[in-house]
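Grab a pencil and work through these short exercises on one protein and its ligand. Try each task before you read its solution.

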Amino acid sequence: MSHTSSETTWMPTGTTGLIFNEPLLWEQGAEGRCGMSVPESDVLMSPLDSELVGDGPDWPNLSELDVVRHFTRLSQWNFGVDSNMYPLGSCTMKYNPKINERQAALPGFAGSHPLLPESLSQGALKLLYDLERYLAEVTGLPAISLQPAAGSHGELTGMLIFAAYHKAQGKPRHKVLIPDTAHGTNPASAALCGFKSIPLASGEDGILTPEMVDELMDEDTAGIMITNPNTLGLFENNIKEVAEVIHAKGGLIYGDGANMNAVMGIVNMADVGVDVLHLNLHKTFSTPHGGGGPGAGPVCVTEALRPFLPVPRVVKEGDTYRWDEDYPQSVGKVHAFYGNFGVLVRAYSYVLSMGPFLKKASQLAVLNANYIKESLKEVFHLPFDRVCMHECVFTDKYQEQHKVATLDMAKRLMDYGFHPPTVYFPLVVHGAIMIEPTESENKETLDRFIAAMRAIAEEAREHPDLLHQAPRNPKLGRLDETLAARKPCLCG
Ligand SMILES: *Cc1c(COP(=O)(O)O)cnc(C)c1O
């Protein structure tokens with residue numbers, strides 16, 4: 001790259017020479033080529049065999065090397081956290097240690113069948129039981145269901161619990177408060193449960209104030225859904241006072257804990273007043289994601305809400321584990337069998353391997369985000385200039401005068417070898433650029449990312465065209481995103 005700033009010595013990019021075009025397998029190969037040579041059969045073919053061979057599928061004829069290269073090249077078109085920094089805000093694209101994959105792939109786990117009797121599944125049941133205990137320790141909330149398959153699925157389960165709780169109190173409620181800094185899935189989950197979501201503007205410094213919550217809270221409101229840290233990457237400093245306002249009028253606090261990567265082992269969610277919280281095991285607890293699943297969004301609740309959790313629940317009697325369905329107030333089942341077991345094994349392995357270092361992971365995630373924030377705030381507009389948590393949010397305000405927008409800069413980052421950050425989210429910030437470095441990145445990588453962002457800010461002033469044409473180094477240039485969304489081509 002010729003446009004990197006002077007302090008950068010090495011960028012993991014700069015060559016496109018080894019990214020190959022790749023035809024379909026059917027367009028390759030030649031008659032008679034095959035993956036391996038086996039000796040000529042000395043057994044006579046039976047009529048049945050020749051029939052099958054004669055009408056076999058139209059497979060291409062390829063050598064082993066043809067096949068290996070084909071799939072290796074295709075894999076090189078991909079970008080993942082194993083390639084380079086992936087600072088996608090709100091997504092926690094951190095490195096997932098391979099040891100946790102290894103544990104989930106152990107035949108005893110990968111091959112266990114959910115219909116096996118309890119007596120033959122004691123190991124799996126113990127794992128689920130212990131994982132619940134560990135997550136209770138991390139969150140401070142004592143009762144947990146591991147069933148939900150995603151963060152939003154956890155929210156849905158949480159809203160079902162809200163509804164079941166108020167029904168049990170003898171007075172169903174119909175509204176849920178949702179701040180403008182909550183994740184977009186929150187209002188959708190509330191609506192799916194029949195609640196009307198009431199939008200709530202956050203205060204000037206990007207967080208909630210108890211006064212604003214008090215104005216909207218009433219006896220027909222089931223509670224509030226708070227994303228904490230919120231989608232601006234800020235900690236809700238007033239969460240305790242907000243919780244008091246809600247509780248005083250009989251409401252509940254839902255904590256969207258998808259951003260737990262900032263506060264693991266630091267914030268006790270029960271102490272700050274949260275009644276129901278979901279975790280994203282596929283963000284914080286070592287399941288790779290980004291390809292659409294599988295995931296897990298366990299729901300953690302206070303003792304008072306335990307009766308409403310989904311069934312079945314794993315219980316321990318003496319040294320034996322079993323499933324218990326006998327919870328008449330339960331919201332029922334929310335997933336086939338017991339949830340996505342492989343994801344739960346990864347989380348179990350991750351928690352055990354990290355132990356007290358979970359707290360350190362959060363501290364480093366916060367430190368890294370603040371390092372980026374401080375290093376870039378001169379060149380990118382920072383709408384909320386305060387200590388951030390695991391992610392920081394900039395805008396394209398300083399670049400607007402050069403007719404360069406957030407999208408152009410995100411695309412240009414690919415030319416520097418980085419995955420673009422989250423853009424145009426959260427919606428409350430115009431032209432948002434949301435960066436979440438995670439704890440996985442070392443200082444050299446952070447410095448390279450900062451250098452790339454600074455170089456881009458300089459290009460915006462000096463060579464805006466470069467940005468309008470970006471990206472140029474990846475295999476494909478700028479795509480028409482509207483067309484791609486409207487007319488997806490899914491068949492290759
Ligand atoms: C990712 C995320 C969700 C949704 O989680 P999914 O597993 O994608 O459904 C909800 N809330 C927040 C704050 C998130 O970051």
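**Exercise 1.** Find the helix that gives the most residues to the shell around the ligand.

*Solution.* Helix 6 comes out on top, with 3 residues. Helices here are DSSP runs (H or I, at least four residues), numbered from the N terminus. A quick word on the model: it's predicted, so local features need pLDDT of at least 70 and side-chain atom pairs pLDDT 80 or more, while totals for chains, interfaces and linings use all residues. Residues are numbered from 1 along each chain as its sequence is written, and side-chain values use heavy atoms, leaving out hydrogens and water.

**Exercise 2.** Work out which residues come nearest to the ligand, and which side chains make polar contacts with it (N or O pairs within 3.5 Å).

*Solution.* Start with the shell: 14 residues surround the ligand (a heavy atom within 4 Å). Gly 151, Ser 152, Asp 256, His 282 and Lys 283 come nearest. Next, check the distances. The side chain of Ser 152 has an N or O atom 2.6 Å from a ligand oxygen. For Lys 283, the side-chain distance to a ligand oxygen is 2.7 Å. His 183 has a side-chain N or O atom 3.4 Å from a ligand nitrogen.

**Exercise 3.** Sort the shell around the ligand by residue class.

*Solution.* Use these bins: Ala, Val, Leu, Ile, Met, Phe, Trp, Tyr, Cys and Pro are nonpolar, Asp, Glu, Lys and Arg are charged, and the others, Gly among them, are polar. You should get 2 nonpolar, 9 polar and 3 charged residues.

Technical notes. A polar contact is a pair of N or O atoms within 3.5 Å; within protein, one must be able to donate a hydrogen and the other to accept it, and residues adjacent in sequence count only if both atoms are side-chain atoms. Helices (H or I, at least four residues) and strands (E, at least two) are DSSP runs, numbered from the N terminus.
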